[in-house]
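Trainee: Please take one part of this model and go through it closely. I would like the protein surface around the nucleic acid, followed by whatever bears on the protein chains beside it.

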4 protein chains.
Amino acid sequence: MPSARGRPRSESSRCAILETALRLARTKGYVQITMDGIAAEANVGKQTIYRWWPSKAAVVLEALRENARVEIETPDCGSLQTDLEYFFNSTFAVARRRRGIDQVLRAMMAEAQYDVEFAKEFRRYVIEPRRAVLFDILERGRARGEVGPNANPTLLVDAAFGVMWYRLLADVGEINEKLAKELAILLAKGSE
Amino acid sequence: MPSARGRPRSESSRCAILETALRLARTKGYVQITMDGIAAEANVGKQTIYRWWPSKAAVVLEALRENARVEIETPDCGSLQTDLEYFFNSTFAVARRRRGIDQVLRAMMAEAQYDVEFAKEFRRYVIEPRRAVLFDILERGRARGEVGPNANPTLLVDAAFGVMWYRLLADVGEINEKLAKELAILLAKGSE
Amino acid sequence: MPSARGRPRSESSRCAILETALRLARTKGYVQITMDGIAAEANVGKQTIYRWWPSKAAVVLEALRENARVEIETPDCGSLQTDLEYFFNSTFAVARRRRGIDQVLRAMMAEAQYDVEFAKEFRRYVIEPRRAVLFDILERGRARGEVGPNANPTLLVDAAFGVMWYRLLADVGEINEKLAKELAILLAKGSE
Amino acid sequence: MPSARGRPRSESSRCAILETALRLARTKGYVQITMDGIAAEANVGKQTIYRWWPSKAAVVLEALRENARVEIETPDCGSLQTDLEYFFNSTFAVARRRRGIDQVLRAMMAEAQYDVEFAKEFRRYVIEPRRAVLFDILERGRARGEVGPNANPTLLVDAAFGVMWYRLLADVGEINEKLAKELAILLAKGSE
DNA sequence: ATCTAAACGAGACGGTACGTCAGGTCTTGGT
DNA sequence: ACCAAGACCTGACGTACCGTCTCGTTTAGAT
């Protein structure tokens, strides 16, 4: 057993940092916030942040994960198309539930373009889990016989998330219930 | 005609700035380059850059446009699916033709998340023109009777570019001839 | 005769420059004004200033000379002490007559510390002429027999102007009628 | 006692800045030196200079004070005139002892004309202390009965420093042992 | 009850890049 | 040849953050 010598990590500081980071990112915008700003606002030494996180993006990403603990449910709605629509609605709802989250998500994706290490974390905790869920839904459809042998799950998954991210990042369209329905139809048709 | 008083803008400086900016961005990476660096390398005063462009991103974007003057052709290949495949192959080829362009494009999209003014320029000169071409191809398909009355062109366009950007930004898949073919099939099927 | 070819120098521009320079220096303070500022305010090209003057200080110095054309009179008041008092009162009056002149004079002296070329001009047009007048007064006193053979005119002159500049630059005392009288007494006593 | 929180100010950086500033000012000339130059030469961040001093002039002034810690002695030489001559010789020696100091002193006086805040510091640490010493010497003379009741100490002090500064700034004469003797005689005579 | 060790807040540190400002030069068309 | 206009190169400015460091203090387990 690795005996823990010395003062243990302060949970209150950890929470203060995460809460402050996410709050500032949502209200002032991700680019505007600084490590100094987070430290000052959270009544925390800057070193305490750098001791546990490598970058501003890493802090915000963990804050985002902490905040979005509510798992996305994937109940069996009986058919592929309804399963898909339910999933998309759940996914899109997250961004709309709390103001500013969409902007923070966009910043995370942007940050992943500049920081290779962060990109790995981002894929691991944001991109991949959501992809896995959608693959599961398609697999369930295959079991039901709704997904044909020539279907291309990877392309369908990329198309679905692609539309979402594209509209989010390039600001070319709404992300709402209408889109959820349209995507469900497109993927269901593409699965045949 | 308003007679141009004073010393006219130096075309050689303008070109030196654009060429240097794109060269540095491609070789060293967009984040690594600085206004000071561009100015020094282009033998130009920093003020001369700030006089004509508001930000590093704006310079690189214009350099990108200047560089990519070659228009994307959209010949009539006879059928919707072949038209689409041709277009996607042309589009994907741009990024592969010159090293580092993909990385610069990703940086532009990232920058658009941080800078609202730049986002407008980016949509105007990068996003929208390419969307227009794809819409044209679908319209041609409608004239041929290949696009049904219930088809949703906007969704199809978003799906195509969405997959491309999603794979580019989230690094979840290749962008190649195989994808061009798959997307052509998906969109053709979705158009019925 | 050297025929003057080409467009002759614009007297109106020259005056506009000098007037603007002195006006701005007196109102905004010498350090605050810029060549660009003078040019803009005088509706004049910057090159037109640089064509005729080597520096901001040179412009202001000429403006000062143009402005202070009124010669200092040195009437024979009958005795050395009264001659001196009259001279000092005349000299001190210049600075008080128009607001801001003292500040411009201080700036000229300051500029002379930084710019060797300007220092020559400054001595030639500001320092030396005033010294010459005071030397003349002392010489007149010698003719009258008021200045003894052991008197040291140079020291006395330096003492008089020294007090004036010292109080002006180091802000350690008033420059007024009282000082004029005191200096006159000191110099008269020192001349014996 | 207010406990010193946070990292304490680095004495080594402080010294490096002051030494570098004075060295550069003396060798290259005050105007030529820049904050960037001092920072680079002293291996110090520019912010570290700005954290503790408001301007280049303030740094050089403190460096000058640090450098000139050697107090000017005012031994009782027995008579007012000899006391004065000793003081003037001591004062004039400072400037001659180390090359370039005179030029830095002139720059400080010049800077005081442009920067009101700096002028206060300059008077407080350069002008006033020296005036106080001379006033003391005159007071000692009064105790001895050498200074008459009608003498004007302020005028005499201004005359002495006035000559010195005037010759320094306007470059109209030497500052040497001869001047020290002449000033001593003038002030002694003026004190009667 | 001390001792050791790590985390803590605070804040100064060396650095890099920023965007601005002014200086002095150059290049137009027009007088 | 001179002029107004204004773009040009240069170089210093003062600021903002970065990520690191060095204080004194706090909090635990080990001695």
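Mentor: What follows covers the surface near DNA strand E and then the interface of chain D and chain C. The model is predicted. Around DNA strand E there are 41 residues, of which A:R5, B:Q47, B:Y50, C:R7 and C:Q47 come nearest. Of the strand's atoms within 4 Å of the protein, 65% belong to sugar and phosphate. Several polar contacts involve phosphate oxygens. In chain B, a backbone N or O atom of B:M35 lies 2.9 Å from one, and a side-chain N or O atom of B:D36 is 3.0 Å from one. From chain D, a polar side-chain atom of D:T48 is 2.8 Å from a phosphate oxygen.

By element, α2 (35–41) and α3 (46–52) of chain B and of chain C each supply at least two residues of this surface, as does α3 (46–52) of chain A and of chain D. The largest share, 4 residues, comes from α3(D). By class, the surface has 9 nonpolar, 18 polar and 14 charged residues.

Chain D also meets chain C, with 38 residues in contact on each side. The two chains bury about 3,200 Å² between them, 63% of it on carbon and sulfur atoms. There are 4 salt bridges between them, including D:R123 to C:D171 at 3.8 Å, N to O. Polar contact is found for 14 residue pairs across this interface. On the side of chain D that touches chain C, α6 (101–114), α7 (116–144), α8 (153–170) and α9 (177–191) each supply at least two residues. Here α8(D) gives the most, with 14 residues. That side of chain D divides into 22 nonpolar, 5 polar and 11 charged residues.

Note on methods
Residues are numbered from 1 along each chain as its sequence is written. Chains are lettered from A and ligands numbered from 1 in the order in which they are written. This is a predicted model: local features need pLDDT of at least 70, side-chain atom pairs count only at pLDDT 80 or more; totals for chains, interfaces and linings use all residues. Side-chain values use heavy atoms; hydrogens and water are left out. A residue is near a molecule or strand if one of its heavy atoms lies within 4 Å of it. A polar contact is a pair of N or O atoms within 3.5 Å; within protein, one must be able to donate a hydrogen and the other to accept it, and residues adjacent in sequence count only if both atoms are side-chain atoms. Ala, Val, Leu, Ile, Met, Phe, Trp, Tyr, Cys and Pro count as nonpolar, Asp, Glu, Lys and Arg as charged, and the others, Gly among them, as polar. Contact means heavy atoms within 4.5 Å. Buried area is the accessible area (1.4 Å probe) that two parts lose on being put together, summed over both. A salt bridge is a side-chain nitrogen of Lys or Arg within 4 Å of a carboxyl oxygen of Asp or Glu.
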